[in-house]
Structure formats: C-alpha cells, structure tokens
Amino acid sequence: MKKIEKVGGFESKITVYVVVCWVLAACGGLMFGYDIGISGGVTAMDDFLIKFFPAVYQRKLRAKEDNYCKYDNQYLQLFTSSLYLAALVSSFAASKMCSKLGRKPTIFVASAFFLCGSLLSAAAQRIWMIILARVLLGVGVGFGNEAVPLFLSEIAPVQHRGAVNILFQLFITIGILFANLVNYGASKIHPWGWRLSLGLASLPAAFLFVGSVVIIETPASLVERNQESQGLSTLKKIRGVEDVDAEFEQIKMACEAAREVKDPFKRLMKRSSMPPLIIGVMMQVFQQFTGINAIMFYAPVLFQTVGFKNDASLLSSVITGLVNVFSTLVSIYGVDRVGRRKLLLQACVQMFISQTAIGAILLVHLKGSNSLDEGLAGLVVVLVCLFVMSFAWSWGPLGWLIPSETFPLEIRTSGFACAVSSNMLFTFIIAQAFLSMMCHMRAFIFFFFAAWIVVMGLFVLFLLPETKNVPIDAMVERVWKQHPVWKRFMDDYDGKEGVKNVGMII
Ligand code: BGC
C-alpha cells in the first residue's frame, strides 16, 4: 500500500484492490489486441486460404509477377474487417447499457460475446461460420472498447489517470504480441494451426470474464443511477482513504447534470458539446490515419511483399510486436508528467520520417516482382519499428485516453461511443482498403499516410488542449472554457460541474 497523495484537494492512496481492478479491466485490451494481431497471420496461412479462400490461394501461387497485388481480395479483407463493422454498431448499444446498467455489466457482456466468437471461429467449417464468428467477436470488442477505457478513467485518481487508462493500450499491445507468437508457432501445424490461432482468443476473453465479476462499479456510474451511498463507499474503497468529500461532491454535481439530460445523443448535438466531440472523434480518426493498422493487420503480408519468406515475415512482426509493448511503457511513465500534447507532437515527427523513408525505399528499390536485398529489407524492418515505437507512446494510447476523459458526465458514454465507433469505422476502412490501396498506390501508400501525419500534427498544435492533471469532472471549466478556440462554443453550456470546492491543479 502506498502513502496518501493529495492532488487538487483530492486524497488518494493506491491499494492492492484498486490495482487488481485496473489490471482485470484492462484485459479488455488483451481481447482487442489479440484479434488485431491474429487476423493478419491467419490470412497469410496457406491452410486457412485453401479452406476458405481457394481463389486467393491460387492467385498467391501464381503471384510471382506482382508483389503488391497478390493478396488483393475483397473477401479476404472482409474476413479481417467484418469484426469492425459489428463493433461500430454495437458500441452505441454498449453506450446505452453503460449508462443504464453500469460499466461492470457492459464489460461482462463484452467478454461473453468474445468468448462465443472465439470458440465458433476455431470450430468453423464454412465461410459463413467464420464471418458470423467475426461478428460475435466484433460485438465483444464494441462493448469492451466502450466500457473499459471509461471504467479506467473514472476509477483512476486524477494524478495517475493517464497511466491507468494506458493500461488498456498496454494490454492491446500485449495481446497483439501474444497473437504474433501464437501465429508463429501455429503456422507450422498443418492443416489446423489456424484453428489454434483463432481459438486461443478465448483466453483473453476468459480473463475478462473473470475480471468483470471481481471488479467494482465506478462511483460516477453508481451515483448517476441513484445509488449514492454505494457510490460513496466505493469511492472510499478505491481511494483507500476516508476523506473523499471533495471528490464525491464533484461527482454528485456532475451526476445531477447528467440525470437532467433525457436524451444524451440529442444533447451531444448542442454547440457546447462540439469541442469534446470533435476532439474525441478526430483523435480516433487520426489514430487510424497514422497507418498503424496497415502495419498491424498485414505485417506478415507486408513483410512478404517486400520479399521476406513466410517464417521471416512472421518473425519480423514479432519484433514489431515487442517494440509496441515496450514503447507503450514510455507513455505510461510520461503521460501524466510531460503531458498529452508533447507526446503526440514528438511522435508526429518520428512517424512522418519513418513513413516517408519506407515509401522512398520501396519506391526506388521494389519494382513489381523484385524483392529487396537483405540489407534494405532489414532497414525497412528498422523503420517500421521506429514508426511503431512512436505510435505506441502517443496516438495509440492517447487515441483512447483523451476521448474517455474529456466529455462531461451527461454525454460521456454517448460521446465516447461516437469516438469508439469512429475508430471502428476507420479501422474497417483501412482494413478493407489497405490491400487494394497497396495494389494500386504501391509505395505511394506510405506517402499517403505521411501526409495525414502532417495534418494531425497541426490539429494537435492548434486545437488540442492539455488535459494532464485536470479532474475528469472539471473539464468544462478548466479546459474547454479556457481554450482560445473552443471557449467560443461554450456559451450555451448549462451543466453543473463541481469545481468550486476544488483547488487549482498545476
Ligand atoms: C489502435 C489499434 C491498433 C493498436 C496498435 C490501438 O490503440 O486502436 O487500431 O492496432 O493500437 O497497438
């Protein structure tokens, strides 16, 4: 147990129980990450292609003539991206459930769907079964990605909110790495290795299933649903101290405003809701336009495209997976110290340089069927690692953190659902389009992403406020009403944030 910390008038101490809650809830990230990591490897396995996509397999055999196009098949892409469509739609249902029943049951439902989906995909005999399984997994991801980041942001003490929320991203990266390792082993097991890869998704789902029983409901969700005394005792329990009056007062005021709002989606359309809505949605859209998932889903395919053999390419994606996990730790350390903006801006520079360099190497050296020589292929892997590294301490975690901490309570679940569904929509678009884009744009695809990185850098520079150390229920007063651009939107804000009792936070 750590000593008591006092920040902005709020006391807290980190207890074993609250750490257990953080870790168990973050297993939602493990589920999401496992799926991201597994799909690319499975679609590169011949046994899987022969069973479900024989036409793609034939094309792959004859594909000597054009590296960039050998995997371009809409059905194959649909396998990867159907999950994101299901997640997109279900995040709205998840938002309703989060408000009406709480974060905890929503997390439970997420794990149940994901468990069913993973078992069905392992047992699938026909293509419709595999697509149905993807839909079930997608509903799991939609519910999990809605509830888990909100849960973590609400349950964390203000001075550690960034770090706690980023546990979600850390677990995403561990899930991706675990999936890469599983694929590496499973690709050697013929003809059913792919079943193992898909079936093992049940492990993270089982962790979350258990987690959802053990974790506590968040105080804000309890008070919002008129369970005030339980909310107070929960707050005492998770803060590990008796004196939680200042924070509880703030939660109560935020809840009063939230209860008055009958239709949160309508409320979301008000002028004063625009600042967090635009930021929340754009953080997710930009996160996807870094091009990260072109690399994550298709790393093995991508590395094969630039001339690695099957095994070498899976191995390279294990390396990028490791870089992804370790660089996320940098973010956990830095986010509440250096702040959100600096991390995002530094990363834009590093991502821009690596994407342009990859594009230039491929443009000059990889023509049609030729592969890269060993040295250059190694350099591409290094550049991909530099790219992944900077994503992992910036747009990866902050894409989830910032939308989960900037909405006032009355529109928190609905606003966050818009952010989650934008993430899913653009993940879907990239997953669906990437292989065709690579086939048509060739090396230029990397310049395409580099151009987006410039746009998002400017967006952060001019429009993104710093939210480090601002209590989650004081964002309107401390952030939106103070920002040179966004304050103009706040004149019709009639919520009641409880900021009066709380000292300023530096
Ligand atoms: C993104 C995923 C991405 C992953 C990579 C997450 O934050 O939402 O789309 O694949 O990071 O680590």
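How far is the sulfur of Cys21 from the closest cysteine sulfur, and in which residue does that sulfur lie? In this predicted model, the closest cysteine sulfur belongs to Cys27 and is 12 Å away, which is too far for a bond. The legends below take this pair and several other close-up views in turn.

**View 1. Cys21 and Cys27 are shown as two cysteines that are not bonded to each other.** A disulfide is a covalent bond between the sulfur atoms of two cysteines. The rule used here asks for sulfur atoms within 2.5 Å, and by that rule the structure has 0 disulfides. Seen from the other residue, Cys27 is likewise in no disulfide, with the sulfur of Cys21 as its nearest cysteine sulfur at 12 Å. Cys21 counts as buried because its relative accessibility is 1%, and Cys27, with a relative accessible area of 6%, is buried as well.

**View 2. A nonpolar patch of about 570 Å² lies on the surface.** The patch is made by Val16, Val20, Phe108, Phe209, Val210, Val213 and Val214. Two helices, H1 (16-43) and H9 (202-214), each supply at least two of its residues. The helix that gives the most is H9, with 4 residues, and Val210 is one of the residues that lie in H9.

**View 3. Phe48 and Phe52 form an aromatic pair inside one helix.** The whole structure holds 21 aromatic pairs. Among them is the pair of Phe48 and Phe52, which is tilted, with 5.3 Å from centre to centre and 55° between the planes. Both residues belong to helix H2 (residues 46-52), where they are 4 residues apart, or about one turn of the helix. An α-helix has 3.6 residues a turn, so residues three or four places apart point the same way. Phe48 counts as buried because its relative accessibility is 0%, and Phe52, at 8% relative accessibility, also counts as buried.

**View 4. Phe286 and Phe459 form an aromatic pair between two helices.** This pair is edge-to-face, with the ring centres 5.1 Å apart and 70° between the planes. Phe286 lies in helix H14 (residues 274-289) and Phe459 in helix H21, so the pair ties together parts that are 173 residues apart in sequence. Both Phe286 and Phe459 are buried, and both belong to one aromatic cluster that also takes in Phe289, Trp395, Phe426, Phe448, Phe449 and Trp452.

**View 5. Helix H21 runs over residues 444-463.** At 1.5 Å a residue, its 20 residues should span 28 Å, and this agrees with the 29 Å that separates its end C-alpha atoms. The buried residues of H21 are Ile445, Phe446, Phe449, Ala450, Ile453, Met456, Gly457, Phe459 and Val460. Among these, Phe449 and Phe459 are also members of the aromatic cluster of the previous view.

**View 6. Arg239 and Glu247 meet in a salt bridge.** Side chains of opposite charge can pair when their charged atoms come close. In the bridge between Arg239 and Glu247, the N to O distance is 2.9 Å, and the structure has 15 salt bridges by the rule applied. Arg239 counts as buried at 1% relative accessibility, and Glu247 is buried with a relative accessible area of 11%.

**View 7. Arg340 takes part in salt bridges with Asp336 and with Glu405.** The bridge between Asp336 and Arg340 has an N to O distance of 3.1 Å, and both of these residues are buried. In the bridge between Arg340 and Glu405, the closest N and O atoms are 2.8 Å apart. This second pair links distant parts of the chain, with Arg340 in helix H17 (residues 340-365) and Glu405 in helix H19 (residues 395-406), 65 residues apart. Arg340 has a relative accessible area of 0% and is therefore buried, and Glu405 is buried with a relative accessible area of 0%. Elsewhere, Arg103, Glu154, Arg412 and Asp473 are joined into one network by salt bridges that share partners.

**View 8. Gly375 is found in helix H18 (residues 374-392).** Gly375 is exposed, with a relative accessible area of 53%. The C-alpha atoms of Gly375 and Ile472 are 49 Å apart in space, and the two residues are separated by 97 residues in sequence.

Notes. Residues numbered from 1 in each chain as written. Predicted model: local features only at pLDDT ≥ 70, side-chain atom pairs only at ≥ 80, totals over all residues. Heavy atoms only, no water. Buried < 20%, exposed > 50% of the residue type's maximum accessible area, 1.4 Å probe, protein only. Patch = residues over 30% accessible without salt bridge, like charges linked within 9 Å, V, L, I, M, F, W, Y side chains within 5 Å. Areas by Shrake-Rupley, 256 points an atom, 1.4 Å probe, with all protein chains shown as cover. Salt bridge = Lys/Arg side-chain N within 4 Å of Asp/Glu carboxyl O. Expected span 1.5 Å × (residues − 1). Phe/Tyr/Trp six-rings, centres within 6.5 Å; stacked < 30°, edge-to-face > 60°.
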